[in-house]
Structures are given as C-alpha cells and as structure tokens.
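Got your viewer open and your selection tool ready? Follow along one stop at a time, and I'll tell you what to pick and what turns up.

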Amino acid sequence: MKFRALTIFILFVGFSFLLLTCRDSSQEKAGNPVVRVGNEVLTDNDLKEVLPLDVSKEDSSALADEYVNRWVRSKLFLRQAESNLTDEEKDVSQMLDEYRTSLLVNKYQQKMLEQKYSPLLKHEEIEKYYKEMQDNFKLQENIVRGLMLKVPLNAPGQNDVRRWCRTADPESLVELENYSLQNARMYKMFLDTWVPFQRINANLPEPVRNEERFLRYNRYYETTDEQFRYFFLVTDYEFIGSIAPLTFVEERIKAILLNKKRGEFIKSLEKELYNEALEKKTINFY
C-alpha cells in the first residue's frame, strides 16, 4: 500500500507536470536555457508557452519564478523516485493507461454534451437561472466596456483620434478602425463586450492603482511612454461586489446548465453507443 501510494504521488506530481514541460532529453531544445536539472532543461520558450499574455511585467515575472520553482521541485522528486524505486514499483503503465482512458472519455463526453445540448439552451432558460441565482454572480473584479488604442508617438492625425474616441459614434468608429489599420500597434473595441479592468491595466505603461476611483472620474484617458501614446475610452463600468451583467456570465451559466444535464446525457449516450455496437457486432460475447 505504501509503494502504491508513493507511485500515485509520483504520477500526479511528476507525470501530470511533465505533460506540460517535459521534453525528450535526447532532442535539442529551442530557446535559451533558464534552468537545468540533470539532463532536463527548461527554456525561455517553454515559459512563454505557459505564461498568460495579458498580465503586467511584474505579475509575469512572479508567475515565471513560481513556475520555475515548481518545475525544479518536480524534476528533483522525479530523479529521487527513479533512483529509489524498483523497476516493478516504477511500472505505472497500467495506471497511465487508465488515466489516459479517463481523460479521453471525459473529453469526448463533454464535446458531445456541448454539441448536442448547447444549441438547445434557450435564452429564456439562461435568463431565468440568472435571475434566480443573482447572488451567485457578484463581480470579483471591476469590468468595463469601451475601446483602447495604441499608436507610435510620431503617428499622424492624433488630434483626430482624440475626437473620434471622445465621440465614439458609428462614423467615428469607422474612422478609428480605418486609422488603426494604417497606424495603430493595438486597437481593441469592446463597446458591446465586458472585459476585466485588469486586462486594460496590462496594456497600459503604468497600471491604474485605484481602479474604482479612476472609473468614477474618467471617461476618456490618455497617456504615453517613450514610444507610444495610449487612448482609452470608458463607455460603461461595473464595480466589484455588484451583480455581473448577464452577458458577462452567460457562458458560465451555460456551463452550469450543461453540467446539470450531464448525468442524464451520459446515460443516454452510453445506451446509444451500446445498442449501436451490438447492431454492428462491435461487441462479441463469448
């Protein structure tokens, strides 16, 4: 039992982590090495694959440090396990096969559930659940609607950009889009979509510290760094603690409703697959 518990521990601490980071040590790895444990190397390209893009430099650095530390600890545990377990104890092929089977089956079930039931979810059903469970949808972050533009400091027509941003009528939005195709390094329009304010902060040269105060007193914001000018228009906002707009949590509600149907659906799917397999003689009892 102790050996089996240790094997399970190695499986989840070592193998699941290896799914993300481990590479064949016999292959040359692209990118600059960040850390090495034995023959295993973690490169800067590996880090880029797992770190989110829409975070500040400070947060990105902290996440990278945390990831590297986890990677190193995982490799050390794996080396220790390889050295101290017998060949029989290290043979986890059956467990891995069962784990793989479980993952694939769950993925298939979820895919079929979404394909068959998601289109059947009516807006009225989603809205009804939202109204009944509003207290469960209080915002954990400030959210905004608006637009954001980033242009080089020497880009032409910036007075026009200011005017178009402040106006934000249909004609101005067309002008902004045309202008952005030629001059902008970044153009994000989210007038009909709620986005977390943290995502805005991640694109500003200096993040806004007091988000609530900023949103209360700013509809238009402009700032610069050494290379770019940033234009930010807020058309609507909601604060932490308020009830999230339906459009912001709609996908979450869909997932909840689908999950409620999951048990019934899986039973139906199992029966359908079983009967089909009997008809096609895929199953043969001896």
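Start by selecting Glu 222 and Phe 231: Phe 231, in β6, is the bridge partner of Glu 222. Keep in mind as you click around that this is a predicted model. Now show the two strands in full. β5 and β6 pair in the antiparallel sense, over 5 bridges.

**Stop 1: the helices on the sheet**

With those strands still displayed, add helix α7, residues 158–167. This helix packs on the sheet and touches β3, β5 and β6. Compare directions and you'll find that α7 makes about 5° with β6.

Next, add α8, which also packs on the sheet, touching β3 and β4. The direction of α8 makes about 40° with that of β3.

**Stop 2: the whole sheet**

Hide the helices for a moment and colour the strands. What order do they come in? Across this open sheet of 4 strands, read β4-β3-β6-β5, with antiparallel pairing. Which strands stand at the edges? Those are β4 and β5 (220–224); each has a single partner strand, so one side of each is left without a neighbour in the sheet. If you fit axes to neighbouring strands here, they are turned by 15° against each other on average, direction ignored.

**Stop 3: strand β3**

Select residues 143–152, which is strand β3. Is this strand largely enclosed or open to the outside? Of its 10 residues, 8 are buried, so the rest of the structure largely encloses it.

Now look at what flanks β3. On the β4 side (residues 186–196), the two strands pair in the antiparallel sense over 7 bridges. Pick Leu 147 and look across into β4: its bridge partner there is Met 189. Then turn to β6, residues 228–238, which runs antiparallel to β3 and is joined to it by 10 bridges. For a landmark, click Val 151, which stands opposite Arg 229 in β6.

While you have side chains switched on, one general point is handy: in a regular strand the side chains alternate between the two faces of the sheet.

**Stop 4: Arg 229 and its salt bridges**

Stay on Arg 229 and bring Glu 222 back into view. Their side chains meet in a salt bridge, at 3.2 Å from N to O. Glu 222 comes out at 25% relative accessibility, so it counts as partly exposed.

The structure holds 10 salt bridges, so there are others to visit. Jump to Lys 280 and Glu 276, whose side chains meet in a salt bridge at 3.0 Å, N to O. Lys 280 is exposed, with a relative accessible area of 58%, while Glu 276 is partly exposed at 34%. Then go back to where this stop began and add Arg 162: salt bridges that share partners join Arg 162, Glu 222 and Arg 229 into one network.

**Stop 5: along helix α11**

Select residues 246–279 to get helix α11. Within this helix, find Glu 251 and Lys 254, which sit 3 residues apart, about one turn of the helix. Their side chains meet in a salt bridge, 3.5 Å from N to O. Glu 251 is exposed, at 57% relative accessibility, whereas Lys 254 is partly exposed, at 21%.

Move along to Tyr 274, also in α11. At 41% relative accessibility, Tyr 274 counts as partly exposed. Turn on the surface and add Leu 278 and Phe 285: together with Tyr 274 they make a nonpolar surface patch of about 340 Å².

**Stop 6: two buried polar side chains**

First, select Gln 109 in helix α5, residues 93–117. Buried or exposed? Gln 109 is buried, with a relative accessible area of 12%. What does it touch, leaving out residues up to four places away in sequence? Display Arg 262, Phe 265 and Ile 266 to see those contacts.

Finish at Ser 180, which has its place in helix α8, residues 170–183. At 8% relative accessibility, Ser 180 counts as buried. Its contacts, again not counting residues up to four places away in sequence, are Leu 149 and Tyr 187.

Methods. Residues are numbered from 1 along each chain as its sequence is written. This is a predicted model: local features need pLDDT of at least 70, side-chain atom pairs count only at pLDDT 80 or more; totals for chains, interfaces and linings use all residues. Side-chain values use heavy atoms; hydrogens and water are left out. Buried means under 20% relative accessible area, exposed over 50%, partly exposed in between (1.4 Å probe, protein chains only). Two strands pair if DSSP finds at least two bridges between them. Contact means heavy atoms within 4.5 Å. Patches are made of residues with over 30% relative accessible area and no salt bridge: like charges are joined within 9 Å, nonpolar side chains (Val, Leu, Ile, Met, Phe, Trp, Tyr) within 5 Å. Accessible areas come from the Shrake-Rupley method with a 1.4 Å probe; for residues, only the protein chains shown count as cover. A salt bridge is a side-chain nitrogen of Lys or Arg within 4 Å of a carboxyl oxygen of Asp or Glu. Axes are lines fitted to C-alpha atoms, for helices over the stretch in contact, and angles run from 0 to 180 degrees between N-to-C directions.
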